[in-house]
Structure formats: structure tokens, C-alpha cells
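Trainee: Got a minute to walk through this one with me? I'd like to go helix by helix.

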Amino acid sequence: MDDLEQRIREHAHRIWLQEGRPSGREEAHWDMARELVAIEDNQRDTTKPNPVATEGEEAIHPEPVEPIEAVESLGDLPGRTDQGERPAYPQRKGRRAR
């Protein structure tokens, strides 16, 4: 049995005990346990330190953090301050600025 399955099993057992050991709710307990384990894993993963940066140092990324498509589409809809200027965003390699 792998670690993930063991953690789910332990959570399901704890939920079963907390609910007073009811019969016929195994599937619901397993679903709740899977969700709790997923929440724990996501929380752990989001609090990991930046693997690129060392202590006291900023991370320097060779590529933009957001996909270039997201940045390029920002100017498609006019806003209150839109005067037709296009901001100087990074371009994809091989594309020329308009």
C-alpha cells in the first residue's frame, strides 16, 4: 500500500470514528478522506519555497512567469484610459512588435 492510500485510509477511519461508527457510509467517508488529503497536499505544495531562489536572493526567470498569450491579450478590450497605445510587453521569440 502506498503512502497516499494509507493517508486516505487513516482519515476515513478517523471520520468513521468521529461519526460514531455508522454502517453503510464507507463511500462517503472515503470521499471526505480523499478531499482532506488533497487539501493537505495542495497546502503543502503552495507553501514550498521557490526552488530557484536561495535565501535573500530574488528568483530570476529566463521566461515571463505568465504565459505570453495572457499578457498579449490584455489590450484587446478598451478600458477607460485606453488611448490606443500598446504597452511594451515581451514578445514571443520570432515575432515582431506591431
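Trainee: Which residue just after α1 takes a positive phi?

Mentor: Keep in mind that we're looking at a predicted model. Helix α1 covers residues 3-18. Just past α1, phi goes positive, at about 90 degrees, and the residue doing that is glycine 20.

Trainee: How far does α1 reach from its first C-alpha to its last?

Mentor: α1 has 16 residues, and at 1.5 Å a residue you'd expect 22 Å. The model comes out close to that, with a reach of 23 Å.

Trainee: Over what arc around the axis do the buried residues of α1 spread?

Mentor: The buried ones in α1 are Arg7, Ile8, His11, Ala12 and Ile15. They sit on the same side of α1, because around the axis they cover an arc of only 135 degrees.

Trainee: And which helix is part of what covers them?

Mentor: Try isoleucine 8: leaving aside neighbours within four places in sequence, its contacts are Trp30, Ala33, Arg34 and Val37. As for the buried residues of α1 in general, their cover includes α2.

Trainee: Which helix gives the most to the largest nonpolar core?

Mentor: That core is made of five residues: Ile8, Ala12, Ile15, Ala33 and Val37. α1 and α2 (26-46) each put in at least two. With three residues, the top contributor is α1.

Trainee: Is arginine 14 buried, partly exposed or exposed?

Mentor: Arginine 14 is also in α1, and its C-alpha is 8.9 Å from that of alanine 33, 19 residues away in sequence. Its relative accessibility is 42%, so arginine 14 counts as partly exposed.

Technical notes
Residues numbered from 1 in each chain as written. Predicted model: local features only at pLDDT ≥ 70, side-chain atom pairs only at ≥ 80, totals over all residues. Heavy atoms only, no water. Helix = DSSP H or I, 4+ residues; strand = E, 2+ residues; numbered from the N terminus. Buried < 20%, exposed > 50% of the residue type's maximum accessible area, 1.4 Å probe, protein only. Core = buried A, V, L, I, M, F, W, Y, C linked by side-chain atoms within 4.5 Å. Contact = heavy atoms within 4.5 Å. Expected span 1.5 Å × (residues − 1). Arc of directions from axis to C-beta.
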